[in-house]
Amino acid sequence: MPAETMIECEKLTKRFGHFTAVDHVSFSIGKGSIFGFLGPNGSGKSTVIRMLCGLLEPSDGHGRIAGFDVARETEKIKPLIGYMSQKFSLYDELTVHENLTFYSRLYGLRGPTLAKRREELIALTHLEPYLEQRAGLLSGGWRQRLAMACSLVHRPRVLFLDEPTAGIDPVARRELWDLLFEFSSQGITLFITTHYMDEAERCSHVGYIYMSKLVVCGDPDDLKQLPVVNPPGTKRLDVTCDHVTVGLQAIRHERGILAATVFGQSMHLLVDESLPEQFLRDKLAAVNIQHADIQPIAPSLEDVFVALTNNSNNEGAE
Amino acid sequence: MKAPFRGFNAILYKEFIVVLRDPFTLFFMFFPPLIEMVAFGYALDNDVKHMAMVVMNEDRSVESRQIVDNFVNTQTFRVVGEVQNVTEMAAAIRRGKAYVGLQIPPGFTRDLHAGRTAHVQVLIDGSSSTIALSALNTSVAIALRQSVMSLLKEAGLREVPVEVRPQILYNPAMKSPNFFVPGVIGVVLQIATTFATAMSLVRERERGTLEQLLVSPMSRWGLMLGKLTPYLCIGMFMATGLFAIMHWLFAVPIAGSLAALFASTLIYVFTLLSLGLLISTKAENSMQALQMCMTLIMPSVFFSGFIFPRETMPWIFNAIGSLLPTTYFIELMRAIILRGATMTEFWFHLAVMSGMGLALFALCALRFKKKIG
């Protein structure tokens, strides 16, 4: 993509004693992207964010925001970035209005400029009805909106969000993403960590970190085409039938079935290309499942990450 | 852009709201010091009065009853019972029924009239040294006075040849509160204020809000001063309350100027709050902060001259005392409140306290890293 680079990591490394939390991670993110950063708990996601925000000193390598080095030019990146930590750091004793005022002042806003910006953010996040409520009494979704508004007071060009949707109900989650798309359309580069695959699918770019190493990084559609995800001589099938869990038990250990997992009313299978459809129908019939609708499918992002994780584990084992 | 106290007004605004909205913390900042003040003030009373005494009068004469009366008239003793033998008397003291046993042997009146030394035995419970010392001094004084009186009568004199006329300055009634209460204020202020700032920064770390502050362009001096100022106001408000209790409840007169009193207190509270902030840069959680505060309170109680005079301490404890801001504050308070000293007379104390305060404040701002981990 030709867009200018906003966030750049070059062999970024963080060691805590003998433990390497982030191991030579390199990637670059263009302006206006929505970058989804995925990986299991403890894989190093938050550590990368903290280094990019200038909170943690990298042990090795470099991080740059808009060309400024995060370790040496920390004060220069501060006005450029907004950070929403995992815990939505708000002051519970302060009302919504006061939290906004506090963060605005912290970033040097005052007088009419402050009031104008505060009103803009209230309108953007629809916090109007809750202005006089204490932040501690807000529900998860509204706390989230407030935290987001607070991290935007100074019009940052990059917004880091560390698991912004953890513990939020689906409706609030959807609304939050609508807001994120709005920020993105305003040219803000978003860097989001998440565990939700549906959220990853919404990102323009995704990176997957596993055991401190960046396993893959790129456009979601490109990732689905990776050879690791689609090993030669295999195909992916969607099998819709009654009693999917019974069906899964019946076929999962058969020869030619490489991976099998349940998705609601259907199973997703990775099978040998030569495996005949009738073989599956016979096995299912043996457990009294007479009707099965079998369709070829493309891999999902979840398939991508499962395949990549297994692949790195195998590599590690060898 | 390069303001050294960047973020100060934001932190100040937030901190004032947080402090005033948290009735729990506010209550525990104000209530215990006031209770401690009253309790300390009453408990730390060295004036020994009306201590329980059992009498074993084997003489049973007018003269022997007179000597018992002399004991009671000093106000130091009160008779709580009569015993018949030494075993009973020892038991009464051992059981804590009496601190003192007065034994007048059978030959007391006879010896007195015969011009021989008449013996009176006083048994004192030495397990509390202050009480024992007071009982001892009073008994010796009674015996001496009695002896002098009878000698005067024999010699036909009306006046004693030499008389010392002591005049106690600044605390003429030798009231204990006058001595202790200014010290109590010093210690109580330390307990309340050090803990307040120590907790306030540690709590931000625990709640994760500190990270949010650290990604902002706020300066560490702005953060520290913004954290300190609200508690300085609260500390001064509290000190005013403590001075009021001292003056109205314990009737301690304030001889010096109120301006000197408050100026010294302001410097002292600033020093304590800086100490609290320094603790918060070191402590990882509230438990550690609490332990560090408690550890620092102990020497202030024992080595500051609050209870025990520093002059009689071994040099090492004396040296420890001279490192404590509380030591200087207590000496200043006694000077200003009791002796009406002026600030210029005690410039050294003020200079040391100010130096400590500024050094601690600078140290915590410099020690505070704008990074985590």
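**Exercise 1. Which residue follows H1(A), and what is the sign of its phi?**

Solution. Start with the conventions. This is a predicted model, in which local features need pLDDT of at least 70, side-chain atom pairs count only at pLDDT 80 or more, and totals for chains, interfaces and linings use all residues. Residues are numbered from 1 along each chain as its sequence is written, chains are lettered from A and ligands numbered from 1 in the order in which they are written, and side-chain values use heavy atoms, with hydrogens and water left out.

Step 1. Helices (H or I, at least four residues) and strands (E, at least two) are DSSP runs, numbered from the N terminus. Gly54(A) comes after H1(A), and its phi is positive, near 80°.

Step 2. Turn to burial: buried means under 20% relative accessible area, exposed over 50%, partly exposed in between (1.4 Å probe, protein chains only). Seven of the eight residues of H1(A), residues 45-52, are buried, so this helix is largely enclosed by the rest of the structure. Among them are Val48(A), Ile49(A) and Leu52(A).

**Exercise 2. Examine the positive phi values of His24(A) and Gln75(B).**

Solution. Step 1. Recall the background: most residues other than glycine have a negative phi.

Step 2. His24(A) is not a glycine, yet its phi is about 45°. This residue sits in strand E2 (residues 19-30) of chain A. His24(A) is partly exposed, because its relative accessibility is 43%.

Step 3. Gln75(B), also not a glycine, has a phi of about 75°. Its place is the loop between H3 and strand E2 (77-82) of chain B. A relative accessible area of 44% makes Gln75(B) partly exposed.

**Exercise 3. Describe the interface of chain A and chain B.**

Solution. Step 1. Count contacts (heavy atoms within 4.5 Å). Chain A contributes 31 residues and chain B 27.

Step 2. Take the buried area, which is the accessible area (1.4 Å probe) that two parts lose on being put together, summed over both. The two chains bury about 2,900 Å², with 55% of it on carbon and sulfur atoms.

Step 3. Look for salt bridges (a side-chain nitrogen of Lys or Arg within 4 Å of a carboxyl oxygen of Asp or Glu). Three cross this interface. Arg207(B) pairs with Glu93(A), with the closest N and O atoms 3.2 Å apart.

**Exercise 4. Trace salt bridges within the chains, out of 29 over all chains.**

Solution. Step 1. In chain A, Asp23(A) and Lys213(A) meet at 3.5 Å, N to O. The two lie 190 residues apart, Asp23(A) in strand E2 and Lys213(A) in strand E10 (residues 213-218). Asp23(A) is partly exposed at 21% relative accessibility; Lys213(A) is partly exposed at 46%.

Step 2. In chain B, Glu204(B) bridges to Lys14(B), the closest N and O atoms being 2.5 Å apart. Helix H7 (residues 176-207) holds Glu204(B) and helix H1 (residues 8-21) holds Lys14(B), again a link between distant parts of the chain. Both residues are buried.

Step 3. Return to chain A for a network: Lys116(A), Arg117(A), Glu120(A) and Arg155(A) are joined by salt bridges that share partners.
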